[in-house]
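Colleague: Got a minute to go through this model with me? I'd like to start with a helix and then move to the sheet.

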Amino acid sequence: MHLFYTADIQPDQSQYQLSEEESKHAVRVLRLNVGDSVQLIDGVGGFFEAEIQDAHPKRTLLSVISYTPEFQKPSYHLHIAVGPTKNIDRIEWFLEKATEIGIQEITPLISEHSERKDVKTERLNKVIVSAMKQSLKAYMPVLNEAIAFDRFLQRIADQDGLQKAIAHCEEDAEKKYLNQEFKTGQRYLILIGPEGDFSPVEIEKAISAGFVPISLGEARLRTETAALYACTEIALLNR
């Protein structure tokens with residue numbers, strides 16, 4: 001299967017021209033030619049079957065054969081707000097794996113102990129697109145701009161129906177496990193702290209805002225590992 005991300009394609013189109021970058025990949029790298037079948041995803045659930053009409057390395061023209069809406073639509077919505085790691089490669093790794101497993105929204109969360117205060121989303125979105133194509137998903141996770149902890153709590157305060165949790169390393173706190181606290185088929189929001197964890201003040205603010213303290217097991221996990229663990233737990237809960 002040769003899958004291309006085509007964000008601007010419309011459901012009723014009969015023809016579509018690949019971008020220069022995707023055309024070059026199709027013709028020069030994959031060696032595709034006239035008559036070869038390809039698949040297209042628009043990132044919002046649309047899945048298209050198409051056939052190459054003109055194999056041009058700069059403007060490959062496709063004939064669209066079929067369109068499937070809401071292709072493999074997930075039964076839940078998972079939003080993880082995670083502290084960006086000092087080494088950006090670790091966040092890239094998390095985004096890649098979380099996209100493959102199944103996540104719908106990610107927010108880089110700048111908190112008191114964050115070592116990285118800025119996040120460039122352009123490269124990270126490319127990682128997400130690549131992982132989406134690799135895992136044959138038609139929905140592209142939303143990567144929000146980085147936001148300060150307090151502003152984030154204010155932003156989500158009026159969102160009803162969220163199942164909210166915060167994972168932290170404070171040992172004297174009473175915590176629950178995700179599969180004990182969350183129900184299936186819901187909208188979930190999970191906070192994962194930076195390398196230095198959330199501060200006690202931030203933890204208290206989150207709890208006051210309705211977040212349930214959770215445990216991700218006995219081991220002390222890296223930030224990106226904890227975020228992926230939470231993502232996996234939610235996926236397993238909803239399988």
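Modeller: Sure, here come the helix and then the sheet. The model is predicted, so local features need pLDDT of at least 70 and side-chain atom pairs count only at pLDDT 80 or more, while totals for chains, interfaces and linings use all residues. Residues are numbered from 1 along each chain as its sequence is written, and side-chain values use heavy atoms, with hydrogens and water left out.

Colleague: Which residues of α1 are buried?

Modeller: In α1 (residues 20–29) those are Glu-22, Ser-23, Ala-26 and Val-27. Buried means under 20% relative accessible area and exposed over 50%, with partly exposed in between (1.4 Å probe, protein chains only). Helices are DSSP runs of H or I with at least four residues, strands are E runs of at least two, numbered from the N terminus.

Colleague: Why do they sit on the same side of α1?

Modeller: Because they cover an arc of only 115 degrees around the axis, taken from the directions from the helix axis to the C-beta atoms. Glu-20, Glu-21, Lys-24 and Val-29, on the other side, are exposed.

Colleague: And what covers the buried ones?

Modeller: The cover includes β1 (3–5) and α3 (121–134), where contact means heavy atoms within 4.5 Å.

Colleague: Now the sheet: what's the strand order?

Modeller: β1-β3-β4-β5-β2, an open sheet of 5 strands with mixed pairing. Two strands pair if DSSP finds at least two bridges between them. β1 and β2 (15–17) are at the edges with a single partner strand each, so one side of each lacks a neighbour in the sheet.

Colleague: How many bridges join β1 to β3?

Modeller: 3, and the two strands run parallel. Leu-3 has Gln-39 in β3 as its bridge partner.
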